[in-house]
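Please open the structure in the viewer and keep the selection panel at hand. The tour proceeds by selections, each followed by a short account of what is found there.

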Amino acid sequence: MKTVSDRDVTDLAAEAAELNNHLVSQLEQAGRITSATIAAAFRATPRHLFVQDVELSEAYKDDYHPTDRDGDGRLLSSVSAPWLVAQMLEYLRPQPGNAVLEIGSGGYNAALLHQLVGDAGAVTSIDIDPVVTERAHRCLRSAGLEDSVRIITGDGAHGVPDAAPYDRIEVTVQAAAIEQTWLDQLAPNGVLVVPLRVRGLGRLVALTPDGLGHYSGGGWLPCGFVAMRGEAASSTQMHALTPGARVRVDGTQQLDIEALTKALGTTGTPCWSGVEVGTSEGTRPVIDLWFATVLDAYGTLLADPRTSALRALPGGTPLTWNVDSTTAAYVTMRPVLGHSDRYEYGVILHGEDASLAEALVESLREWDRDHRGRPGPVLHVYDHGTDPATMAPGRALERPGAPMVLTWPKD
Ligand SMILES: C[S@@+](CC[C@H](N)C(=O)[O-])C[C@H]1O[C@@H](n2cnc3c(N)ncnc32)[C@H](O)[C@@H]1O
């Protein structure tokens, strides 16, 4: 196989430009890129210089490229997939002359940021992993950008105070919390983009400050990222349940795994909501977020249809349980008779406390009535020390870092 670094340079640039143009057109058609400046930045940034150890055509595939793994083969770092890089930049909207901090380096996104802010701007990129920063340096050098981007090895949980304030902070690693240092280092009219883990769900959010110690925003694009390492590291817990079934929980949860396993081993009773959705509506991510917000006991049930009798939805389904975990209920769907592209949401109850399923079904109807087709929840983030009584009423996310509350506006 001839990799990018082996190729004859004479025809490489032209072929790369063609592949890059094709990639950008794809991203535009898919709605991942909507702004002309972001499209231009992509066209001006040859991705193969940042993804060097693969064939040229691979470098322009809309896929992530692994750059570091731990001893067990788990991914520690990657150059993110172009669709995700594009969406993040669309959320961030860097302007010429901006000072930008990128947390998590790969080189490629930093090069795009440089294109967007220009020589009058400044791009600082920090990564905790020296393998990654060394590689990013090398790639930026091959793109002639070694003097245009400042790369630092360190824990991005602390930001990079010496170049603050930043007009834009882009976190490119999954964070379980919004670090107070990021808020402190954000300029008054700045934008902070973070792939945030909300009760186990990975969602991209963009936040802006109101100047009074309160930041708010949304977006909610589902996205998978490697998790933060270092001081702000935290992980979800995965528990095995009945054969083929597991539950993923995040944060502090009152949960008796033995009792829950026993409950889920009993025969389930379906309860249907009458809430019908079309397959093209893409309601699953928003339903997951809805339940992650409204349920006190919340986990994601993962069940393999080949080995488990549980009818969890593909990719995991919201699960709740009662105080002693002896009754459980989870969200499911069934096809609407006579419609190949319509489904009805419902709940499967395991155990005797029928009120659990009733509450879930009522909650599905509330989402349908008040929130369906609307922009989704608002994330409110407060400076440390803010009086909780002054915060928006909603689901407080129990996390270290800055206090966070999720609300679902009706209008
Ligand atoms: C998805 S990669 C970044 C992709 C990159 N922005 C690009 O151009 O494609 C996530 C990176 O975050 C880094 N990381 C993890 N924890 C970190 C921390 N606490 N501070 C800074 N970087 C961190 C990882 O080492 C990894 O390189």
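Begin by colouring two ranges of this predicted model: residues 64–232 form domain 1, and residues 237–370 form domain 2. The C-alpha centres of the two domains are 34 Å apart. Where they touch, 8 residues of domain 1 are in contact with 10 residues of domain 2. To display the domain 1 side of this contact, select strand 7 (186–198), strand 8 (201–209) and strand 9 (214–222), each of which supplies at least two of its residues. That side comprises 4 nonpolar, 1 polar and 3 charged residues.

Keep strand 9 selected and add strand 17 (residues 378–382). The two strands pair in the antiparallel sense over 4 bridges, and one position to label is serine 216, whose bridge partner in strand 17 is histidine 380. Is strand 17 mostly covered or exposed? It is mostly covered, with 4 of its 5 residues buried.

Next, add strand 19 (residues 404–407), which runs antiparallel to strand 17 and is joined to it by 4 bridges. Here valine 381 stands opposite methionine 404 of strand 19.

Finally, centre the view on the ligand. Which of the 29 residues around it come nearest? They are Ser77, Gly104, Gly106, Asn109 and Gly156. For the surrounding shell, select strand 2 (75–79), strand 3 (99–103), helix 5 (108–117) and strand 4 (122–127), each supplying at least two residues. Strand 2 provides the largest share, 4 residues. Coloured by class, the shell shows 13 nonpolar, 11 polar and 5 charged residues.

Notes:
Residues numbered from 1 in each chain as written. Predicted model: local features only at pLDDT ≥ 70, side-chain atom pairs only at ≥ 80, totals over all residues. Near = placed C-beta within 6 Å. Nonpolar A, V, L, I, M, F, W, Y, C, P; charged D, E, K, R; others polar. Domains from an automatic or database assignment. Contact = placed C-beta atoms within 7 Å. Buried ≥ 20, exposed ≤ 12 C-beta atoms within 10 Å, placed from the backbone. Pairing = 2+ DSSP bridges.
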